[in-house]
Amino acid sequence: MNHGSSTRIVVIGAGIVGASLAYHLASKGAQVTVVEAGDIACGVTGTSFAWINASCAGMDPIAALRGGAIAAWRQLETQVSGLTLRWHGALSYGTQDGRVSPESVVIDRPRIARLEPQLRQPPEQAVYEPEQGALDAVAATHALLAAARTHGATVRTQTPVLGFAVKDGCVTGVETATGVIEADTVVLAAGTGTAALAQKLGASLPIHASPAIFLRYQAPPGLVRGIISSHVMEVRQAEDGAMLAAEDYVDDTPENQPAAIAQRTAGAIRNELAGAEAIAPEFACTGLRPMPVDGVPVIGYLPQVEGVYVCAMHPGVVLAAIVGQLASGEIVTGEPASALAACRPARFQVR
């Protein structure tokens, strides 16, 4: 495999993971073309709550990866113009999910009230994680792709992948309606569409679409300063005042449709936050997250065919920066990154 500046890489998918990969690869000197069936960030990236946290409940096979997630975003923020994150910390209480990070501290009611003055009834105590933050995933994707372009990358939207050109067991290009885009390496970073692309290459990846409800409200600014995650609501406020909320998908019954959940959650937010009476639902949808069957990201080369690298994971927004950094290094130098060892697609091969 020829590495370095002559390497032609096609990244399939212009969500936040594909955008991070494109930026990191192009900045390392690869010739990058991004192909996207729809528009930039038109998949699950656009419906992500985008909470940047490194916490995990229980044993974590990707602890090394998750542990570098926040630092990687902080580094990327210094490198990519127009990429801004808000490091405002997160408060969690009453959720009993056991997620903690090394930086978490338990704080009391007076401090909770200082951090989030609009809470009507601050709890006795909460877990505070000051190092956590959030980003606008769509804006971040655009910023990463713009930065990739300054390093010579090409971005082609409205370009579905029809198939692959394969010669002697090695992928040589990506077939589109306007012809074949030649490639030395093809990266599958198409979210829930990744498994279908791998299937075209004879590889079966057990990645299913895991639904989650994403909600956005018009709201007066200043209701929430950081992220609040409790048993009744998971909310944060964007720069423009928009209130964002995430809820679990329950089922397809009418009372659990996104619009109905948006109304219920609005009621909960009004109960919890002073000044929230005027919030109004603006957008509610079900986002489909690419969820590998064992919960562990699928990152690395497909064993079935040469030259195809897969990048599919949840949480994609959290891990996009660190995975872009490490995966681009593997692809360009050929040196495996130890933090990705648990993520290889080969684990799904029938033995």
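A residue counts as buried when its relative accessible area is under 20%. Tyr309 has a relative accessibility of 0%, so it falls into the buried class. The structure considered here is a predicted model, and a good place to begin is with the partner of this tyrosine.

Tyr309 pairs with Tyr301 in an edge-to-face arrangement, with 5.0 Å from centre to centre and 90° between the planes. Tyr301 has a relative accessibility of 30% and therefore counts as partly exposed. In total, the model holds 2 aromatic pairs. The other one brings together Phe214 and Phe283, again edge-to-face, at 6.3 Å centre to centre and with 65° between the planes. Because Phe214 belongs to strand 14 (residues 207-218) and Phe283 to strand 18 (residues 280-292), this pair ties together parts that lie 69 residues apart in sequence. Here, too, a buried ring meets a partly exposed one: Phe214, at 5% relative accessibility, is buried, while Phe283, at 32%, is partly exposed.

From the rings, the view can widen to the nonpolar core. In soluble globular proteins, nonpolar side chains tend to be buried together. The largest nonpolar core of this model has 60 residues, and the members that touch the most others are Ile16, Leu65, Trp73, Leu135, Ile299 and Cys311. Several elements supply two or more residues each, among them strand 1 (8-12), strand 2 (31-35), helix 3 (69-79), helix 5 (137-150) and strand 20 (308-312). Helix 8 gives the most, with 10 residues. Leu65 offers a closer look at such a well-connected member: leaving aside residues up to four places away in sequence, Leu65 touches Ile299, Leu319, Ile322, Val323, Leu326, Ala339, Leu340 and Cys343.

Helix 8 also has a helical partner to explore. Helix 1 (residues 16-27) packs against helix 8 (residues 316-333) at an angle of about 35°, and the two axes are 8 Å apart. The crossing of helix 1 over helix 8 is right-handed. On the side of helix 1, the contact is made by Ile16, Val17, Ser20, Leu21, His24 and Leu25. Facing them in helix 8 are residues including Gly316, Val317, Ala320, Ala321, Val323 and Ile331. Which kinds of residue, nonpolar, polar or charged, make up this contact? The contact comprises 11 nonpolar and 6 polar residues, with no charged ones. Ile16, which takes part in this helix contact, has already appeared among the core residues that touch the most other members.

Notes
Residues are numbered from 1 along each chain as its sequence is written. This is a predicted model: local features need pLDDT of at least 70, side-chain atom pairs count only at pLDDT 80 or more; totals for chains, interfaces and linings use all residues. Side-chain values use heavy atoms; hydrogens and water are left out. Axes are lines fitted to C-alpha atoms, for helices over the stretch in contact, and angles run from 0 to 180 degrees between N-to-C directions. Helices (H or I, at least four residues) and strands (E, at least two) are DSSP runs, numbered from the N terminus. A crossing is left-handed if the near helix is turned anticlockwise from the far one by less than a right angle, and right-handed if clockwise. Contact means heavy atoms within 4.5 Å. Ala, Val, Leu, Ile, Met, Phe, Trp, Tyr, Cys and Pro count as nonpolar, Asp, Glu, Lys and Arg as charged, and the others, Gly among them, as polar. A nonpolar core is a set of buried Ala, Val, Leu, Ile, Met, Phe, Trp, Tyr and Cys residues joined through side-chain atoms within 4.5 Å. Buried means under 20% relative accessible area, exposed over 50%, partly exposed in between (1.4 Å probe, protein chains only). Rings of Phe, Tyr and Trp (its six-membered ring) pair if their centres lie within 6.5 Å; planes under 30 degrees apart count as stacked, over 60 as edge-to-face and the rest as tilted.
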